[in-house]
Every structure is written in C-alpha cells, then in structure tokens.
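Q: Please take a close look at the aromatic side chains of this structure, and describe how they are arranged with respect to one another.

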Amino acid sequence: MNIHTYEKIWLVAAMVLIVGFIATITYGAVGPGIAMVDDDGGSIDPDAIGDHERFGDTGVEHVGGNEYEVAVVAQAWSYFPDEITVPANSEVTFYVTSRDVTHSFSVVGTNINTMVIPGEVSQMTVEFDEPGEYGILCNEYCGAGHHDMEGKLNVVP
Ligand code: CUA
C-alpha cells in the first residue's frame, strides 16, 4: 500500500461521513424520532390566552370515563394552576402553553418533561396508575425567578 492508496481511503471515508451526517439530519427533521416539542397541540396567540377556549379557564377537566384534560399556562415564574389533582387509574392529557418566554413543564420522577414555548401548545398524554405526589419544575432557564418556578401534581386514590 502506498501513500496514494491511503489518501483514497481517507477521501472515501470522509465522503461516507458527510453523506452519513446529511442522512442523520434529514432523518432527524422528517423521521419518527422523539420530538422535544409535541406540536400536535397546535398554535395559540400568546397575547390572547385569556380568550382561548382551553386556556381561558385552566385546570382539570373530566372528559369522560377515566380520561382527564389539564390546561396549564406557564409564565414567569409560576404555573396556572400551580396545583393539579387527578385520580389514580386515569389517563391524563396535558396541554401546556406559555404566556411570555420559553419554560418547561417537567414532572419530577416521571417522563413528563416538555418545553413550553409561547405561541405553541405542548400536548402529552400520561397514564397514572398509582396515587402519588409529584413536584412540577421548570427546566428551561427563564430569568431571575426560574429556580422558584414550581407546581405540584397530586394523584389521589
Ligand atoms: Cu420557567 Cu425556568
């Protein structure tokens, strides 16, 4: 093997890498993957949250059977409502939006952890089998009160 052959190998390897990167990016953009923000919830005018059908009246709504919907508005530096109570053995869909800057809605000890972006509605459905108490935290830095931005989720028997 001479130097020329090594050069060719490296050229081919570099090309494969570049094609691989492009494929990864394309797949990430259009492929299934795990979305940071579930935009199934659609968009919303952050200046007119009070008039919105769902977010004008935040909180828990029983929509039938064991299904519940919870509308939450995040803003610096609290959640509305800041305490959520749902029964055990329920299927709960959270809809969360922000009034001002990007926050997160993260329920400690669960896999509920979504970014909350003004103008967008983050939607996620979770099943709660057991009673429990969970803290809700903001994981996106959102200003001076970021560390105090918290709520509570109660799953009651
Ligand atoms: Cu809201 Cu950090």
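A: In this predicted model, R54 lies over the face of Y95, at 3.5 Å from the ring centre.

Aromatic rings also meet one another: a search of the whole structure finds four aromatic pairs. One of them joins Y79 and F105 in an edge-to-face arrangement, with 5.8 Å from centre to centre and 80° between the planes. This pair links distant parts of the chain, since Y79 belongs to strand β3 (residues 78–80) and F105 to strand β6 (residues 103–107), 26 residues apart. Y79 counts as buried because its relative accessible area is 2%, which is under 20%. F105 is likewise buried, with a relative accessibility of 1%.

Another edge-to-face pair is formed by F94 and F128, whose centres are 6.4 Å apart and whose planes make an angle of 85°. Here too distant parts of the chain are linked: F94 is in strand β5 (residues 90–98), F128 is in strand β8 (residues 122–128), and 34 residues separate them. Both F94 and F128 are buried.

The two pairs belong to one aromatic cluster, which consists of Y79, F94, F105, F128 and Y134.

As to confidence, the protein chain has an average pLDDT of 86, and 85% of the residues score at least 70. Over residues 29–38, however, pLDDT stays under 50, and the model has 11 contacts beyond four places in sequence for this stretch. Where pLDDT is low, the predicted coordinates should not be read in detail.

Note on methods
Residues numbered from 1 in each chain as written. Heavy atoms only, no water. pLDDT = per-residue confidence, 0-100. Contact = heavy atoms within 4.5 Å. Phe/Tyr/Trp six-rings, centres within 6.5 Å; stacked < 30°, edge-to-face > 60°. Helix = DSSP H or I, 4+ residues; strand = E, 2+ residues; numbered from the N terminus. Buried < 20%, exposed > 50% of the residue type's maximum accessible area, 1.4 Å probe, protein only. Lys NZ or Arg CZ within 6 Å of the ring centre and 35° of its normal.
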